[in-house]
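The following exercises concern side-chain contacts in a protein structure. Each task is followed by a solution that proceeds step by step.

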Amino acid sequence: MKVVVVESPAKAKTINKYLGRGYQVLASFGHVRDLPAKDGSVDPDHDFAMTWEVEAKGAKHVSEIAKSIKGAEGLILATDPDREGEAISWHIVEALSARRVLKGVPVERVTFNAITPDAVMKAMAQPRAIDQALVDAYLARRALDYLVGFTLSPVLWQKLKGARSAGRVQSVALRLVCDRELEIERFVPREYWSIAAHLKTPAEASFEARLVGADGEKITRLDVGTAAEAQAFKAALDAARFRVVQVEAKPGKRHPFPPFTTSTLQQEASRKLGLSPAVTMRIAQRLYEGINVDGETVGLITYMRTDGVDMAPEAIARIRRMIETEHGKPYLPQTPRRYTNKAKNAQEAHEAIRPTDPTRHPRQMARLLEPDQARLYELIWIRSVASQMESATIERTTADIVAEAGARKLDLRATGQVITFDGFLKLYQEGRDEEPDDEDNRRLPPMRVGDPLTRERIDIAQHFTEPPPRFSEASLIKRMEELGIGRPSTYASILAVLQEREYVTLEKKRLFAADKGRIVTAFLENFFKRYVEYDFTASLEEDLDRISNSEIAWKEVMRRFWLDFSAAIAGTKELRTAQIIDALNEALGPHIFPDKGDGTNPRACPSCGSGNLSLKFGKFGVFVGCSNYPECRFTRQLSAAGGMNGNGEHAGLANGVQVLGKDEDTGAEVTLRDGRFGPYLQLGDGEKPKRVSLPKGLDPSAVDLAKAIRLLSLPREVARHPESGEPILAGVGRYGPYVQHGRTFANLEGSDDVLEIGANRAIDLIIARETSGPGRGRFGGAVPAGRQLGEHPEEGGPVTVRPGRFGPYVNHGKLNATLPKGVDPDLVGLDEALALLSAKAAAGGGKRRFGAGRKPAKSGSGKGTKPSGPESRPVGAAAVRKTRKGPPKKPSSASRKAPAKGSRASRAPDP
């Protein structure tokens, strides 16, 4: 009997079926060891010695493997075929060696790119040793991320109130978003005019030509800058005679795109399917690990963490046969297409992401897959097949036209193109982040040199140049890949961390830099500039690649890095608050103190008139205040904006106050104000005027007098409770919109409008809250229903997997069992859930809230939470909090204050 170890139970179950008797396949549930989240886990003073810890859950799985190894013929490590998979195998060997159970047991490493019978059996026939170079690259990355996170993050906590963490890759990705925001703020629009002539051929066919020259001089897009110039050209064209002077038709080709890599899959799934990178990777993991097809569990796609763009020869041959059968010989190139990767180290030469069997058509698989799985599989299948199809052929036509108006000669040009053979376009067209200019995507009518043309009309139009667009998730990933920042397997988690830390927000599929993120970036650029430079971060990634290729020792890279980095950290110890504020005021000036356009001082206090506005550090973070404090108590948020205007830009409030009108009933003035905690409405002045915060997501520019009065009149009665008959109210409290019945409160979700929510929806929220029981709703909201895995085979009733305060867990009735660390809740099946619940019940789990043998953490216990690096595989878990009386509360900034060193409640920094 040989013991085979893989990461996940689902993968273990499938491979066990392939191998049959003679093999026992076990799951490690991801990593079995990790660095303890405390100082000293990586020790630069002792040549970067690393202290690894086998946690309780990891110890359980190691014990199961160790028990199975006794008397076994060998140990086969079949974890994923990348650095992380190599590291998991290494950790398993180290943990088993510490227990002295590997003596005399041969250890082999196998890798396969797809979970299919053929791929697995072929891998088993080609074992190798653990690749120490890949392990060394992993150790270097973990050490780098740990040292940056655990030395730089405390500096942020001490010097910047409200900052959450910094990281080697995370902070550089954040800088990209913040730099784009600064470009937008500094952008000065430029006026320009376009001149287009609508003409007819002798055959009465219409087309459009644009002005490209005048009197022997070329005219580019921005050359006509005023209305007067445009009118002068229009007048000349209105009086001109038109004729064709040249017609040129050139054939062209459009070639197919290579099959997906990790990053291009994330980009295209974001553009075409609207999926976030994290969701894309979770779905791809399910497709890779396999589904039941005709009674056999098989993986539908190859390994999804890869930089490779080529496919195996046998896969290409099968795709080519299918193209010829389904589309005909014209769509099949004479020779197979081979793609090469421009990346310096393409994830250890993995294949591109492709279907394991191209004959499994998306239409056939759709009935076996969930909707999002079916959509992603179809996208991967189409891209892979299209990559081996014939190129599309295009005919591009250009017609040059002269307009003679007296002594003047004006040059116009008309362009167009037509697809003469669709080729791969029959199946696939790649999405774009920006809307394409379709000026060339139209056909020109037939015309010949010398043909006179008839003028229909001349159009002139005013335009203004636009700032560069904000990054979408797809375009940010593309930019990071271009700069060599991070690796494809890290992009999804980097974006998730930035949003979780509230450094960026995602609005209308665009990433906006939040004030907190901009403060952190400005601080790092001023005092740790080298470590957020794009070239420096990319060079570290190149060093990791060199380590994995055995070109350089990993500790040499660490020594070089730590020498300068530790000196930079030491240099901030004497950094004074005044120095930080001056640097941030300068760096963020265009954002915090925008030019008013009237020549006045943008930093002048709008309240007292004599003071200067400046950043201030307060209990709840950074805000803008007056230099005349405490005589002047004017404060506001960092940006002079309370939200976004109709163009997606920040909408400012003049002097922090905007008068909307007067309330007819009281005669009091209704104002929209920009406060320290965000925009709010106020009725009148006086000692205690009525105020209400704008609900999150409500654009301040969309608030008029009528809407303001409706918000100020809250709470309002929405319905009567079906059992008690008491009113259900909707209102906006200090911590956001809510509905209320007596002492029961429930948060409104993002799609709910506190002014429009109806009786049925309000009753549903209250009933859900009341039936969820005490202590289970997030800020008073209903308990997440979770994902139903199926019915309990013995006791009946649904078995579900849910997010929880202490991590994801599975539930059946009143019994809960926490998922082991490293297990993705989206991948848990019914069998795994039943096993966890049985173990919990056997341990008396019905009486414990925190899992078998687990007690609630206490501050000062000396243990921290685990650090999460950008290459950590995401585990979905939404926090839930205890019920509170009164309106539901959001966590305050104070609750995120860095606790004492060693506190269990401390948040480990993200690399």
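**Exercise 1.** Determine the burial class of Arg375, and characterise its contact with Asp372.

*Solution.* The model is a predicted one.
Step 1. The relative accessible area of Arg375 is 34%. Partly exposed residues lie between the limits of 20% and 50%, so Arg375 is partly exposed.
Step 2. Asp372, at 32% relative accessibility, is likewise partly exposed.
Step 3. The two side chains, Arg375 and Asp372, form a salt bridge with an N to O distance of 3.0 Å.
Step 4. Both residues belong to helix 12 (residues 371–386), where a separation of three residues places Arg375 and Asp372 about one turn of the helix apart.

**Exercise 2.** Establish where in the chain the partners Arg560 and Asp543 lie, and assign each a burial class.

*Solution.* Step 1. A salt bridge joins the side chains of Arg560 and Asp543, at 3.1 Å from N to O.
Step 2. This pair links distant parts of the chain, since Arg560 lies in helix 17 and Asp543 in helix 16 (residues 534–548), 17 residues apart.
Step 3. Arg560 has a relative accessible area of 42% and is partly exposed.
Step 4. For Asp543 the value is 11%, which makes this residue buried.

**Exercise 3.** Decide whether the ring pair of Trp562 and Phe565 is stacked, edge-to-face or tilted, and describe its setting.

*Solution.* Step 1. The structure contains 16 aromatic pairs. In the pair of Trp562 and Phe565, the ring centres are 6.1 Å apart and the planes make an angle of 50 degrees.
Step 2. Stacked planes are under 30 degrees apart and edge-to-face planes over 60; the pair of Trp562 and Phe565 is therefore tilted.
Step 3. Trp562 and Phe565 are three residues apart in helix 17 (residues 554–570), which means a separation of about one helical turn.
Step 4. Trp562 is buried at 18% relative accessibility, and Phe565 is buried at 1%.
Step 5. Ring pairs also connect Trp562 and Phe565 with Tyr531, Phe536 and Phe561 in a cluster.

**Exercise 4.** Identify the rings over which the charged ends of Arg175 and Arg221 sit.

*Solution.* Step 1. The charged end of Arg175 is placed over the ring of Tyr534, at 4.3 Å from the ring centre.
Step 2. The charged end of Arg221 is placed over the ring of Tyr192, at 4.9 Å from the ring centre.

Definitions and conventions:
Residues are numbered from 1 along each chain as its sequence is written. This is a predicted model: local features need pLDDT of at least 70, side-chain atom pairs count only at pLDDT 80 or more; totals for chains, interfaces and linings use all residues. Side-chain values use heavy atoms; hydrogens and water are left out. Rings of Phe, Tyr and Trp (its six-membered ring) pair if their centres lie within 6.5 Å; planes under 30 degrees apart count as stacked, over 60 as edge-to-face and the rest as tilted. Helices (H or I, at least four residues) and strands (E, at least two) are DSSP runs, numbered from the N terminus. Buried means under 20% relative accessible area, exposed over 50%, partly exposed in between (1.4 Å probe, protein chains only). A charge sits over a ring if NZ of Lys or CZ of Arg is within 6 Å of the ring centre and within 35 degrees of the ring normal. A salt bridge is a side-chain nitrogen of Lys or Arg within 4 Å of a carboxyl oxygen of Asp or Glu.
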